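Student: Please give me a close look at one part of this model: how its helices pack. Short sentences, and cut-offs where a term needs them.

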Amino acid sequence: MLISSNITPDMTRSKRGDTGFLNKLLHIGLVRVVLGIAALVPINFIHHFFWDMLRDMEGPIAPYVKDLERVSMIVVLILLYKAYVYLVDQRPAYEVSTSNLLPEFGVGFAFGAGLIALTVLPIALSGSYHIDGFGAYSILFHGIIMMAFYALLEDLLFRAVLYRIVEEKLGTWLSVILVASLFGTIHIFNDNATWVSSLALAVGDLSLAAVFVLTRRIWMVWGLHVGWNFSQDTLLGMANSGTEGSPSFIMSRVEGPTWLTGGDFGVELSVLGVFSSLFLGLYLMKIAAKRGLIIPPVWKRKAEVSNVSE
């Protein structure tokens, strides 16, 4: 099937024993989340440290050196996540198993690019999207690598760490809502952001959450995230979650009402962007429900066990 996985929710739960102080401590969800954040977030600071050194680098190989730095940071992120899961949960990190990396990333990327196409086409047909020129083809190559690093960092933190661990207690739907709310809230610090844009991002986050619920791996989520950001920003030259000014292949201007275009924040804020992501997310969650992948909260699971035992 197009979106399928042999990884079950039980496979991604902690396999650590429950006797002894350290084991009991590392079974606490909040502790596991904090350790996951502590393992991954410093890579962003390390990336910025190297980026500050490379920023003014010039010459024909300069863009490729910068790409190599980002790719290196991507590899380090994956290795750190594997180490975190091994040390804290004492199990293999199935979420980043590489057996289906390329096909799952490709399908996710197609979903992300397709959502942007469906969102931007009506904007263009309304006369609100204007093309002023074109940049070099190399911008596309460098842009996708730039988008890949930041998307992977967010997806590992919000999906593989936070959502996965919270779901063990709160179940699927409450965890989706909580993580989506946090995802939207943290973007309030972006340029041109408002509480309305944060709400729009939270609603749109359902599509990313649903893909992770279905696959329990990070690759398709990552592909969807990169496909959306790359198509909107690097390819079409539109604002991406409030961020503008990145090199783009198409040099463009967007005019028109914010409800249609998303304004200076980007199409995530537009009605079309919100509803296209919402529709995809709900459709994928429906598939997840049919496959029995929706996990009830722990108190409901305990009640069910109690009723069975009686």
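Tutor: The helix contacts come next, then two single residues, then the loops.

The model is predicted, so local features need pLDDT of at least 70 and side-chain atom pairs count only at pLDDT 80 or more, while totals for chains, interfaces and linings use all residues. Residues are numbered from 1 along each chain as its sequence is written, and side-chain values use heavy atoms, with hydrogens and water left out.

Start with helix H6 (residues 138-186) and its partner H2 (residues 29-40). Helices here are DSSP runs of H or I with at least four residues, strands are runs of E with at least two, and both are numbered from the N terminus. The axes of H2 and H6 come within 9 Å and cross at roughly 170°. Axes are lines fitted to C-alpha atoms, for helices over the stretch in contact, and angles run from 0 to 180 degrees between N-to-C directions. H2 and H6 are therefore roughly antiparallel. The cut-offs are under 35 degrees for roughly parallel, over 145 for roughly antiparallel, 65 to 115 for roughly perpendicular, and oblique for the rest. H2 brings Gly29, Arg32, Val33, Gly36, Ile37 and Leu40 to the contact. H6 answers with Leu153, Leu156, Leu157, Val161, Leu162, Arg164, Ile165 and Glu168. Contact means heavy atoms within 4.5 Å. By class, the residues of this contact are nine nonpolar, two polar and three charged. Nonpolar covers Ala, Val, Leu, Ile, Met, Phe, Trp, Tyr, Cys and Pro; charged covers Asp, Glu, Lys and Arg; the others, Gly among them, are polar.

H6 also packs with H3 (residues 42-54). Here the angle is about 160° and the axes are 11 Å apart. H3 and H6 are therefore roughly antiparallel too. H3 passes H6 in a left-handed crossing. That label applies if the near helix is turned anticlockwise from the far one by less than a right angle; clockwise gives right-handed. Ile43, Asn44, His47 and His48 of H3 meet Phe149, Tyr150 and Leu153 of H6. This contact has four nonpolar, three polar and no charged residues. Leu153 of H6 thus appears in the contacts with H2 and with H3.

One more residue of H6 is worth a stop. Leu140 lies in H6. Leu140 counts as partly exposed because its relative accessibility is 22%. Buried means under 20% relative accessible area, exposed over 50%, and partly exposed in between, with a 1.4 Å probe and protein chains only. Setting aside residues up to four places away in sequence, Leu140 touches Phe230, Thr234, Leu235 and Phe249. Ala289 is 149 residues from Leu140 in sequence and 37 Å away, C-alpha to C-alpha.

Now H7 (residues 195-215) and H10 (271-290). Their axes come within 8 Å and cross at roughly 30°. That makes H7 roughly parallel to H10. The crossing is left-handed. The H7 side includes Ala200, Val203, Gly204 and Leu206. The H10 side includes Val274, Ser277, Leu278 and Leu280. By class, the contact has 15 nonpolar, four polar and no charged residues.

H10 also borders H5 (residues 101-125). The 25 residues of H5 should span 36 Å at 1.5 Å a residue, and the end C-alpha atoms are 36 Å apart, which agrees. That expected span is 1.5 Å times one less than the number of residues. Among the buried residues of H5 are Glu104, Phe105, Gly108, Phe109 and Gly112. Its buried residues pack against strand S1 (129-134), H6, H8 (219-235), H9 (258-261) and H10.

Ile123 shows this in detail. Ile123 lies in H5. Ile123 counts as buried because its relative accessibility is 0%. Leaving out neighbours within four places in sequence, Ile123 contacts Ser128, Tyr129, Leu260, Thr261, Val267 and Leu272. Leu272 is 149 residues from Ile123 in sequence, yet 9.0 Å away in space, C-alpha to C-alpha.

Last, the loops. Gly127 follows H5, with a positive phi near 85°. Most residues other than glycine have a negative phi. Arg216 has a positive phi, near 60°. Arg216 sits in the loop between H7 and H8. Arg216 is buried, at 1% relative accessible area. Ser241 has a positive phi of about 55° and is not a glycine. Ser241 is in the loop between H8 and strand S2 (250-254). Ser241 counts as buried, at 10% relative accessibility.
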